[in-house]
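Biologist: I would like a close look at a single part of this model, with the criteria behind each term made explicit. Please start from the part itself and then work outwards to its surroundings.

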Amino acid sequence: MEPLNQSRISDKEIDHCVHLLQKNGIKLVVFDMDLTAVSEHSRGQLLRSNVRDYVSKATPAFLAFVPKLQQHGFYLAIATHSDEAEFDGPIQRDTHILGMELATRLVHDCFPTEVSSAFSIVAYNPRVHPEHDSELNKYKRYHMRVLLAKYGVQGNEVAFFDDTLAVVDDCLNHCGIIHAVQVDENIGFQIDDVINNFR
């Protein structure tokens, strides 16, 4: 599938951001999904009939930056609290889409196969896994543990973008992710989130 609209972001800006990540020793780039990669929130109740509209809200910066990251050999991931364990009551698989399926649909609709297939997706919400809702799994500790182990990277080799300050702070304080960046929830991931936070 052809990438969605990538207007307003220059190749020069993208190349500069790639250089900044390389300069800081980043190997893995992780995006939250709702209000980060996408400038809208699925709220765990996205209707299947609305999925195309949701995907169309992927930010221009996400659309433009990710293919360059893949081209330069960065590992890519989505770390989301959207979780298929939330299917319950009125939220059913035949009418709604969330979790792994939604995140997979997002990257497959936004990028060509060689890019979308490079993503790892961790779709997990500790609040709907009470048996796992421990200190080890709070916020996105579970996500980061899975991704660090999968790619054999250290926390200082990860760039993580998320709209929630509590999640960002927790990654800084408990996961060793020293390059955890809060994005503006009103607009999602922007190129300035890289330029302003990496030197």
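What covers the buried residues of α6?

Modeller: This is a predicted model, in which local features need pLDDT of at least 70 and side-chain atom pairs count only at pLDDT 80 or more, whereas totals for chains, interfaces and linings use all residues. Residues are numbered from 1 along each chain as its sequence is written, and side-chain values use heavy atoms, with hydrogens and water left out.

The cover of the buried residues of α6 includes β1, β3, β5, β6 and α7 (165–174), where contact is taken as heavy atoms within 4.5 Å, and where helices (H or I, at least four residues) and strands (E, at least two) are DSSP runs numbered from the N terminus. Helix α6 spans residues 141–151, and its buried residues are Arg141, His143, Met144, Leu147, Leu148 and Tyr151; buried means under 20% relative accessible area, exposed over 50%, and partly exposed in between, with a 1.4 Å probe and protein chains only. Because they cover an arc of only 155 degrees around the axis, these residues lie on the same side of α6, the arc being that of the directions from the helix axis to the C-beta atoms. An α-helix has 3.6 residues a turn, so residues three or four places apart point the same way. On the face of α6 turned away from the buried side are the exposed residues Ala149 and Lys150, and just after the helix glycine 152 takes a positive phi of about 65 degrees.

Helix α7, which is part of that cover, can be described in a similar way. Its buried residues include Val167, Val168, Asp170 and Cys171, and since they cover an arc of only 165 degrees around the axis, they are placed on the same side of α7. The buried residues of α7 pack against α6, β6 and β7 (179–182), while glycine 176, just after α7, has a positive phi of about 70 degrees.

The strands that cover α6 also bear on the nonpolar interior, a nonpolar core being a set of buried Ala, Val, Leu, Ile, Met, Phe, Trp, Tyr and Cys residues joined through side-chain atoms within 4.5 Å. The largest such core has 46 residues, of which Leu21, Phe31, Phe62, Phe65 and Phe161 touch the most other members. Among the elements that each supply at least two residues of this core are β1 (28–31), β3 (75–80), β5 (119–123) and β6 (158–162), although the largest share, 7 residues, comes from α3. Apart from this core lies another, of 19 residues, with Val30, Ala79, Val153 and Ala180 among them.

Beyond strand β1, the loop between β1 and β2 (46–47) holds leucine 35, whose phi is near 65 degrees, a positive value in a residue other than glycine. Leucine 35 counts as buried because its relative accessibility is 13%. Arginine 43, found in the loop between β1 and β2, has a positive phi of about 55 degrees although it is not a glycine, but at 59% relative accessibility arginine 43 counts as exposed. Serine 42, also placed in the loop between β1 and β2, counts as buried at 4% relative accessibility, and it touches Asp34, Tyr54, Ser82 and Leu102, not counting residues up to four places away in sequence.
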